[in-house]
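Trainee: I have not looked at this protein before, and I would like to learn how to read its features one by one. Could we go through it together?

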Amino acid sequence: MQDDLSRSGSSSHPPKLKELAATAICGNDITSSCLYVSALAIIYAGQYAWVALLMVGGVLFLFRSIYGEVVGALPLNGGAYNALLNTTSKSTASLAACLTLLSYMATAVISASEAMHYVHHLWEGLPILYATIALLALFMGLTIMGIGESSIVAIIIFITHLSTLTLLVVIGFTYLFGHGFDTLALNYSQPLQGNIWKALFFGFAAAMLGISGFESSANFVEEQAPGVFPKTLRNMWLAVTIFNPLTAFLAIAILPMAAVAENQTALLAYMGEVAGGNWLAGLVSVNAAMVLSGAVLTSYVGVTGLVQRMTLDRCLPQFLLKTNNRGSAYLIMISFFLLCVSILLITLGDIGALAGVYTISFLSVMVLFGLGNVLLKFRRNRLPRPVRASALVLFVAITAVLAALIGNAILNPAYVWVFLKYFLPTVAIVFIMLYRIELLIFAAYLLRQIERQLKKRLPINSRKIIRLIHTIRAQQFVFFTRGDNIANINKVMRYIVENEHTNRIKIVNVLKEGETPPKKLMHEVEVLDLAYPELEVDFVILKGRFGPDLIQELSLKWGIPKNFMFIGSPGDHFPYGLQELGGVRLVI
C-alpha cells in the first residue's frame with residue numbers, strides 16, 4: 001500500500017450551506033413556535049407572560065455555549081444522539097434518540113394542527129382534524145417521492161415569516177398608541193392565580209415550548225460551512241428572544257384576557273384582525289400555514305435521518321432501511337405518519353396535550369445534551385473545540401430545564417401519561433434490539449427445554465435461534481490504534497463487548513513509510529485476545545496515511561460500515577475534522 005493513500009478530506013465534504021440558508025432551515029422550525037407559544041404563556045403567566053418568555057430567552061442564551069461546545073468538538077449530524085454515542089454507552093444515546101423521535105412526532109402534529117387552525121381562521125368550514133391528517137399525508141407523500149429540504153424555499157419562507165411578524169408588531173404598537181392603554185391597564189389589574197412567582201414559574205415552564213427547534217441546527221451541521229453553526233444558534237436566539245416577548249406583550253396590551261383564551265389556536269391572526277383588519281389577519285394566517293407546513297417537512301426529513309442512523313447502528317430493525325426506486329426509506333415515513341395520526345386522534349388535536357408531549361420530550365433532550373457536554377469535558381477533553389461552557393452555565397441551564405420539566409408535569413399530569421404511552425413502547429423496541437442477543441439466548445434455552453420435554457424438534461427451534469445469533473454477531477468492528485497502551489485498547493474491547501453485538505474485531509495500526517511495527521503493541525494485543533475469549537481479535541498492520549480516503553478504502557474492501565469503526569480522541573494537531581471521517585466513532 002502506498003504511503004500517500006489519503007488526501008485532504010475537504011473536497012469529499014464540501015460546505016453546502018452559508019449562514020442565511022442554514023439559519024432559514026432551522027429558523028423556520030424554532031420561529032414557528034411564535035405562532036402558538038404566546039397564547040400558552042399568557043394562559044399560565046397572565047399579564048407577565050412576556051417576562052416568562054424573556055426568561056426563556058435567557059436560558060436559550062446559556063444553551064448557545066453548551067451546544068456550541070458539543071457540536072464544535074463533535075461536528076457530526078445527529079444532535080444529542082451522536083453527542084452521547086461518542087461520549088457514553090449506546091443505551092444512553094438511544095434514550096436521547098427515543099426522546100428526539102417523540103419530539104419530531106409532536107413537532108409534526110402540532111405544526112400541522114396549528115397550520116390548519118390558521119387556515120380555519122380564513123375558511124371556517126374547514127374540518128380541522130381531517131385537514132391535519134391530510135397535511136401530514138401530503139408531506140409523507142412528498143418525502144417518499146424524494147422531495148426534501150430546499151434551502152431556497154426555506155429562505156423565502158423564513159424571510160416572509162420574519163417580515164410578517166415585524167409588520168404585525170409595528171401595526172400592533174401603532175394600534176396601541178392610537179387607541180390608548182386602557183386594555184393593558186385592565187389586564188394588569190386582573191388577579192393572578194396565586195402570586196407572581198407562581199405565575200412566572202408555570203408561565204416559564206409552558207413558554208419553554210417557544211425554543212423547540214433549537215436543536216435542529218445540530219442535526220445537519222455537516223452540511224453547513226465552517227463557522228456557520230454558532231451563527232445559526234445566535235440568530236435563532238435573537239429571533240425568539242425578540243419576537244416571542246413582543247407578541248405576548250402586544251396580545252396583553254390590545255386584547256382582553258378572555259379573548260386570548262378563546263382564540264389561543266390562532267392568536268396572532270386574531271391579533272392582526274383587531275390591530276390591522278382582515279387583510280392583516282389573512283396575511284398572518286397564510287404566513288402561518290406556510291411556516292408551520294415547513295416545520296412539518298423538517299420533522300419528516302429529520303426523523304428519517306435519525307431513524308436511518310439508528311438502524312445502521314443496529315438500534316432498530318433493519319427492514320426500516322428498505323428504499324423505493326427514488327432511494328427514499330418509505331417504511332420510516334409511513335410508520336412516522338401512522339404514529340402522528342395516532343397521537344392526533346388520542347389527543348383530538350388538543351394543542352395543550354400535544355404541547356405537553358412535545359415539551360417533555362424536547363426538554364428531556366436538552367437535559368441530555370447538557371449531560372453530553374459534561375461527559376465531553378471529562379471523557380473527551382482532548383478534542384479541540386471553538387468554545388467552552390463554564391460549570392456555572394451548565395448548572396444554571398440544566399437546573400432551569402429540569403425546573404421547566406417539573407413545572408409541566410405539575411401543570412398537566414395527564415399529559416405525562418400521554419407522553420409515556422409513546423415513550424415506553426419506543427424505548428422497549430430500541431432496548432429489545434440492543435439486548436436481543438441476551439433475549440435470543442434465553443429463548444434458545446427455553447426452546448431447548450421444551451424440545452427435551454416433547455422429545456421432538458419444533459418448527460422454530462433452538463438451533464435456528466443459535467444460527468441467528470451467530471449471524472448477528474458476525475458483523476466485524478474496527479479500532480484504529482496509534483500505538484495505544486494496553487489500558488486504552490482494553491477500554492475499547494470492553495466497550496465493544498458491552499455495547500455491540502459482535503465476536504470479531506480488527507485492531508489496525510497504520511504506519512507511515514519507514515516506521516516499524518511496535519512489538520510491544522503486538523504482544524499486548526495477544527494478551528487481550530486471551531483475556532476476551534468471546535472476541536476473535538485480528539491485529540492488522542498497514543502502511544499508509546490515516547485519513548478519510550484510507551477509511552473509505554478499508555470500508556469497501558472489508559465490507560464494514562464506517563460507523564462500526566472506532567478511533568481514540570484526536571488532539572489539536574489532527575489534520576482532519578471528525579465530520580470528514582464519514583461517521584467513524586470515538587471510543588476513548
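Mentor: We shall take a helix, a loop, the cavities and the surface in turn, keeping in mind that this is a predicted model.

Trainee: How should I read the length of helix H7, and what span should its 29 residues have?

Mentor: The idea is to compare an expected span with the distance between the two ends. Helix H7 covers residues 151-179, and at 1.5 Å a residue it should span 42 Å, while its end C-alpha atoms lie 41 Å apart, so the two values agree. Just after H7 comes Gly180, which has a positive phi, near 90 degrees.

Trainee: Where is Arg314, and what is its phi?

Mentor: As a general guide, most residues other than glycine have a negative phi. Arg314, although not a glycine, has a positive phi, near 65 degrees. Arg314 sits in the loop between H13 and helix H14 (330-347).

Trainee: Is Arg314 buried or exposed?

Mentor: A residue counts as buried when its relative accessible area is under 20%. Arg314 has a value of 11%, and it is therefore buried.

Trainee: How many cavities of 30 Å³ or more does the structure hold, and which helices line the largest cavity?

Mentor: For a cavity, one can ask about its volume and then about the residues around it. The structure holds 6 cavities of that size, and the largest has a volume of about 90 Å³. Its lining is made of 12 residues, and those nearest its centre are Leu40, Tyr44, Ala355, Asn408 and Asn412. Helix H2 (37-45), helix H15 (351-379) and helix H16 (391-411) each supply at least two residues of this lining, and H15 gives the most, with 4 residues.

Trainee: Which residues form a nonpolar patch on the surface?

Mentor: Here the idea is to look for nonpolar side chains that lie together on the surface. Leu122, Trp123, Val286 and Met290 form such a patch, and together they have about 390 Å² of accessible area. Val286 belongs to helix H13 (residues 278-312), and it is partly exposed because its relative accessible area, 44%, falls between the cut-offs of 20% and 50%.

Trainee: How far apart are Ala261 and Glu451 in sequence and in space?

Mentor: Separation along the chain and separation in space are two readings, and both can be given for one pair. Ala261 and Glu451 are 190 residues apart in sequence, and their C-alpha atoms are 65 Å apart in space. Ala261 is part of helix H11 (residues 257-262), and with a relative accessible area of 43% it is partly exposed.

How values were computed:
Residues numbered from 1 in each chain as written. Predicted model: local features only at pLDDT ≥ 70, side-chain atom pairs only at ≥ 80, totals over all residues. Heavy atoms only, no water. Patch = residues over 30% accessible without salt bridge, like charges linked within 9 Å, V, L, I, M, F, W, Y side chains within 5 Å. Areas by Shrake-Rupley, 256 points an atom, 1.4 Å probe, with all protein chains shown as cover. Salt bridge = Lys/Arg side-chain N within 4 Å of Asp/Glu carboxyl O. Buried < 20%, exposed > 50% of the residue type's maximum accessible area, 1.4 Å probe, protein only. Expected span 1.5 Å × (residues − 1). 1 Å grid on protein atoms, 1.4 Å probe; cavity = no way out; pocket = protein on both sides within 12 Å on 5 of 7 lines; lining within 4 Å. Points joined across faces, edges and corners; volume = space filled by probe spheres on them.
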